[in-house]
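This report describes a protein structure for a reader who has not seen it before. Please look at the sequence and the structure shown here before reading on.

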Amino acid sequence: MDSEKNILVISAHAADFVWRAGGAIALYHRRGHRVRVLCLSFGERGESQGAWKQPGMTIERVKQIRKDEAARAAEILGAEIRFFDTGDYPIQPSDQVIQAMVEEFRRYQPEAILTHSVSDPYNPDHSTAHELTLKTRVYAQALGYPAEGKPLAAPPVFMFEPHQPEQCNFRPQILLDITPVFDIKRKAMESMVAQEHLWEYCTDLAKRRGTQAVRNSGRKEIKYAEAYERLYPQVTGEFL
Ligand SMILES: [Zn+2]
């Protein structure tokens, strides 16, 4: 195994990290690395259709249902998870949440950060999560910013694939082979009962990205993949 790495995943809503990065999380966990998810919102208004169809539902019950589902999914994938209750439609991070996120970066010292793409016209909370991630990452780097822990270096930011990538100006730059852990991702997806309509959608997407991964690498053993886009240039001493 490589030396242990820390991966930090910032998810706008309760299930986003499962659909979009569940394979990466399971993969890194299986390799012995530490993965931590920061979940900004339970998605209680916008992404809990299944829960709201049940009779007598209340906002507090929806939040608890989504929290339980996300905690279960994180456990299946092998990630730690911390919930911030920042509201939904819109996510409105308080000064305390911003401070807590800066301290997460400084204490956890992630080697890689995964979060939402720059824009998502289908859900502005995803853009908010992206902006908040970049903002707090930069604050955590600044020597003069008052927060616990040592200043952050410059971990790369990988943006996960939105549901309708063309509308979000998302260009896949990385196709991550998740074939060895796809069964774990599928199991985690199935724990998100309030959004059952996405199980097959995300399975089909993983197959399609897997086919593209074969096309781009010649590695015929790849069956499932997740797409990512880099925000900052890759720094390397060699092309291959
Ligand atoms: Zn979302």
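The text below goes from the overall fold to the backbone, the salt bridges and one buried residue.

**Overall fold**

The structure is a predicted model. The protein has seven helices and seven strands. Read from the N terminus, these elements follow the order β-α-β-α-α-β-α-β-α-β-β-α-α-β. The radius of gyration is 17 Å, close to the 18 Å that the globule rule gives for 240 residues, so the protein is as compact as a globular protein of that length. Along the principal axes, the C-alpha atoms fill a box of roughly 55 × 45 × 35 Å.

Of the 240 residues, 52% count as buried. Among contacts with a separation of 6 or more, 77% are between residues 24 or more positions apart. The accessible surface of the protein is about 11,700 Å², and carbon and sulfur atoms account for 52% of that surface. The protein carries 31 positive and 32 negative charges, and the mean positions of these two sets are 3 Å apart.

**Backbone features**

Two kinds of backbone feature are described here. As background, most residues other than glycine have a negative phi, and most peptide bonds are trans.

Where is there a cis peptide bond? A cis peptide bond joins Y89 and P90, with omega at about 5°. P90 has its place in the loop between β3 (80–83) and α4 (95–108), and Y89 lies in the loop between β3 and α4 too. Y89 also has a positive phi of about 45°, although Y89 is not a glycine. The relative accessibility of Y89 is 39%, so this residue counts as partly exposed.

Q109 is another residue other than glycine with a positive phi, here near 45°. Q109 is located in the loop between α4 and β4 (112–115). Is Q109 buried or exposed? Its relative accessibility is 19%, and buried means under 20%, so Q109 counts as buried.

**Salt bridges**

How many salt bridges does a search of the whole structure find? The search finds 16. The table gives three of them, with the distance from N to O.

| Salt bridge | N to O distance |
|---|---|
| R36 and E104 | 2.8 Å |
| R209 and E161 | 2.5 Å |
| D177 and R219 | 3.2 Å |

The pair of R36 and E104 links distant parts of the chain, since R36 is in strand β2 (residues 34–39) and E104 is in helix α4, 68 residues apart. Both R36 and E104 are buried.

In the salt bridge of R209 and E161, the two partners are 48 residues apart, and the pair links distant parts of the chain. R209 belongs to helix α7 (residues 197–217), while E161 is in the loop between β5 (157–160) and β6 (174–177). R209 and E161 are both buried.

Between D177 and R219, the closest N and O atoms of the salt bridge are 3.2 Å apart. D177 lies in strand β6 and R219 in the loop between α7 and β7 (225–230), so this pair ties together parts that are 42 residues apart in sequence. D177 has a relative accessibility of 17% and therefore counts as buried. R219, with a relative accessible area of 38%, is partly exposed.

Some salt bridges share partners, and these join R34, R36, E80, R82 and E104 into one network.

**A buried phenylalanine**

F84 is found in the loop between β3 and α4. This residue is buried, with a relative accessible area of 6%. Which residues does F84 touch, not counting those up to four places away in sequence? F84 touches L38, C39, L40, S41, V97, A100 and M101. One of these, C39, is 45 residues from F84 along the chain, and the C-alpha atoms of C39 and F84 are separated by 6.0 Å.

**Points to take away**

The loop between β3 and α4 holds Y89, P90 and F84. Y89 is partly exposed, whereas F84 is buried. The cis peptide bond is formed by Y89 and P90. Helix α4 holds E104, the salt-bridge partner of R36 in strand β2.

Note on methods
Residues numbered from 1 in each chain as written. Predicted model: local features only at pLDDT ≥ 70, side-chain atom pairs only at ≥ 80, totals over all residues. Heavy atoms only, no water. Helix = DSSP H or I, 4+ residues; strand = E, 2+ residues; numbered from the N terminus. Rg over C-alpha atoms; globule rule 2.2 N^0.38 Å. Buried < 20%, exposed > 50% of the residue type's maximum accessible area, 1.4 Å probe, protein only. Contact = heavy atoms within 4.5 Å. Areas by Shrake-Rupley, 256 points an atom, 1.4 Å probe, with all protein chains shown as cover. Lys, Arg positive; Asp, Glu negative; His and termini not counted. Charge placed at Lys NZ, Arg CZ, Asp CG, Glu CD. Salt bridge = Lys/Arg side-chain N within 4 Å of Asp/Glu carboxyl O.
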